[in-house]
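Here are a few short exercises to work through with the model open beside you. Try each task before reading its solution.

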Amino acid sequence: MEDHTKSSDMKGDPNREISATGDIILVVGAPDSEDPQLRLRVQSTILREASTVFRTMLSPPWIESQGISAKSPREIELPEEEPKAMEVVCLALHFRNNLMNPHWLEEQGGQRMLDVAILIDKYDLKAPMKLNTNTWFRQPMGCIMEESVYRMAAAWILEEEEFFAQYSWIVMITYPGPYAKLLSKQLLTERLPSPIFLLLAERSSNLRIRFLDSVCREAGLDGDSDAGNTDRWDCQCDWKKSLQHRFRQTRKRLTQHFTRQEPICSILSIIDEFIPLAEEQKIFVKSWCTSINKMHYKIWDARRRKYVVESGPTISSRLPEWMERETSLCLRCLREDESRGEYIYSSNNLLCEHSKTRQLGSTGSAMNLLGKRDTQDDDRDGRAPA
């Protein structure tokens, strides 16, 4: 009886019996390649039904369909394909996930995901493989920075708008730069239009600037009228001084990082550093100040025409969802520009119409994919009229 308990990755045998009654054997990979060839026994009927490309390959005049049977399976050579990626695709199409190493993506990295995406696109398998690919995109990443780049490229190839936006943002906040280094990776440059790398660098810089500006506001260094409004931040209690002092210390460190030619820290590490301060600030703005004997923060209620006590302008609310919606790349915009041969690099209009309607959380925000808890306030902050 066939053993379904072990992954095919563990067998070390170049012959993979994906279907015991398979009538063709795919000989995948070149004989002189670094990766050994794989011989995958599969069902021609399944491949024909799933893929228009396979349907053409496995039909006359390309191959004589008569005489093919489980007793005498015919060999089909695919020397240009990546063997392990083709094995993953065939296992998924034959519903043999029990033979697939459940940790194949985690162990073999995002580059394997890109190899699989290339095959899916080449053989017109996006629809039958969609459930599998959506599951793989949600799997945890090993090396976040490296994997996110390849997963972004895979989402581009498979035209997965949500995942492309999320992983482009993950690249921005995890990659310390410079993005020119990514251009040395041939597999990426062959699959991604070069303007994408420019947009990643531009929007990452924009995000760093906005982040530093927000820190200046929280530290009271920007001259913002909100900070000096006596109806809001008119206390000088020790708690407020402590918060502002720590924001200033962090600003000093960030300024040193940002003024270097190559940033030495990622935006994600900055976010992680700010989470404790953001959480404390949420409590602070809603608390009672003993120095002025009233709440720390009040907002203008236009309906009632008076100030009411609400949560204040924390760093989380100044950067909604840490600007994921605003700075992530839009696949539809990029593909439309690609078809016209035009690209718009300006960062003045980051939020396109597609991004405005994209619901963060429909497939989980990028922070959820990273296993990070969203630090945005539950309450929406009001603003006093000018």
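**Exercise 1.** Does Tyr167 count as buried or exposed, and at what relative accessibility?

*Solution.* Keep in mind that this is a predicted model. The cut-off for buried is under 20% relative accessible area. Tyr167 has 1% relative accessibility, so Tyr167 counts as buried.

**Exercise 2.** Describe the ring pair that Tyr167 forms with Phe137, after taking stock of the aromatic pairs.

*Solution.* Start with the total: the structure holds six aromatic pairs. One of them joins Phe54 and Tyr123; the ring centres are 4.6 Å apart and the planes stand at 20°, so this pair is stacked. Phe54 belongs to helix H2, while Tyr123 sits in the loop between helices H5 and H6, and 69 residues separate the two. Both Phe54 and Tyr123 are buried.

Now turn to Phe137 and Tyr167. Their ring centres are 6.1 Å apart with planes at 40°, so this pair is tilted. Phe137 is in helix H6 and Tyr167 in helix H8, so the pair ties together parts 30 residues apart in sequence. Phe137 is buried, with a relative accessible area of 0%. To finish, add Phe163: ring pairs link Phe137, Phe163 and Tyr167 into a cluster.

**Exercise 3.** Work out how helix H7 is placed in the structure.

*Solution.* First, the span: H7 covers residues 144-158, and its 15 residues reach 20 Å from the first C-alpha to the last, close to the expected 21 Å. Next, the burial: twelve of the 15 residues are buried, so H7 is largely enclosed by the rest of the structure. Among the buried residues are Glu147, Arg151 and Trp156. Trp156 also has a charged partner, since Arg335 lies over the face of its ring, 4.0 Å from the ring centre. Last, look just past the end of the helix, where Glu159 takes a positive phi of about 60°.

**Exercise 4.** Which residues does Thr174 touch, leaving aside those up to four places away in sequence?

*Solution.* Begin by locating Thr174, which is found in helix H8. Thr174 is buried, with a relative accessible area of 9%. Within its own helix region, a polar atom of the Thr174 side chain lies 2.6 Å from the backbone oxygen of Ile170. Farther along the sequence, Thr174 touches Ile144, Met145, Ser148, Ser266 and Leu268. Of these, Ser148 is one of the buried residues of H7.

Definitions and conventions:
Residues are numbered from 1 along each chain as its sequence is written. This is a predicted model: local features need pLDDT of at least 70, side-chain atom pairs count only at pLDDT 80 or more; totals for chains, interfaces and linings use all residues. Side-chain values use heavy atoms; hydrogens and water are left out. Helices (H or I, at least four residues) and strands (E, at least two) are DSSP runs, numbered from the N terminus. The expected span of a helix is 1.5 Å times one less than its number of residues. Buried means under 20% relative accessible area, exposed over 50%, partly exposed in between (1.4 Å probe, protein chains only). Rings of Phe, Tyr and Trp (its six-membered ring) pair if their centres lie within 6.5 Å; planes under 30 degrees apart count as stacked, over 60 as edge-to-face and the rest as tilted. A charge sits over a ring if NZ of Lys or CZ of Arg is within 6 Å of the ring centre and within 35 degrees of the ring normal. A polar contact is a pair of N or O atoms within 3.5 Å; within protein, one must be able to donate a hydrogen and the other to accept it, and residues adjacent in sequence count only if both atoms are side-chain atoms. Contact means heavy atoms within 4.5 Å.
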